[in-house]
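Trainee: I'd like to go through this one with you, step by step. Can you start with the terms I'll need?

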Amino acid sequence: GKVDDLISFRAKANKALGENNKISLNDFFIKACGLALTDFPDCNMIWQEQHMLRFKEVAIGIAISTEAGLYTPTLRSIDKKSVSQISLEMKELIEKAKNKQLRSSDFSECAHALSNLGMFSIENFDAIINPPNSSILAVGAVRDEVVSETEGFLSRKQVSLTLSVDHRTIDGALGAKFLDRIVFYLQN
């Protein structure tokens, strides 16, 4: 997906917010996933022993890597939170994870998760679904890509997004629509 507008919007927002409240690109990916889940409630379901369980709340598991290992705490009510609120909560969860202070209340059932390896310069990867989740979005590094335009060549900021889905709950067509909607929110 093309993310030039998102990057310039983030820069303006961070200028206004000041040093301690900076929003990461990941916070926007989380918000876009939350909005897409709201639009596609059939993606906000998990498979549970022969039946489907649909969630009313829009919650997302966020992969956080620490010295002690990988944790996937849950950010809840994403659809009702601003990007800056999401950012604040993410900073708290990252601190808790680093200091081994995550509690059972920081984890709850959710249908969707997000894993971002962009900070490790990984351009794209396939994330493995962590049951009982039905889907996980793998976010790669933002990179410059030269594209051909009518007037010549142009440099664009691009990011690779890969969606893995559990086909018991989300088939390929629904998964494609869900991913397309995430991209829509990131570009708008």
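Mentor: Sure: buried means under 20% relative accessible area, exposed over 50%, and partly exposed in between, with a 1.4 Å probe and protein chains only. This is a predicted model, where local features need pLDDT of at least 70, side-chain atom pairs count only at pLDDT 80 or more, and totals for chains, interfaces and linings use all residues. Residues are numbered from 1 along each chain as its sequence is written, and side-chain values use heavy atoms, leaving out hydrogens and water.

Trainee: Is Cys33 buried or exposed?

Mentor: Look at its relative accessible area, which is 0%. The cut-off for buried is under 20%, so Cys33 is buried.

Trainee: How many disulfides are there?

Mentor: A disulfide is a pair of cysteine sulfur atoms within 2.5 Å. The cysteine sulfur closest to that of Cys33 belongs to Cys43, and because it is 11 Å away, that's too far for a bond. Cys43 is in no disulfide either. By this rule, the count is 0 disulfides.

Trainee: What is the radius of gyration of the protein?

Mentor: Start with the elements: the protein has 4 helices (H or I, at least four residues) and 11 strands (E, at least two), which are DSSP runs numbered from the N terminus. The globule rule, 2.2 Å times the number of residues to the power 0.38, goes with a radius taken over C-alpha atoms. For 188 residues the rule gives 16 Å, and the protein comes close to that, so it's as compact as a globular protein of that length, with a radius of gyration of 17 Å.

Trainee: What percentage of the residues count as buried?

Mentor: Cys43 is one buried residue, with a relative accessible area of 0%. Taking the 188 residues of the protein, the buried share is 43%.
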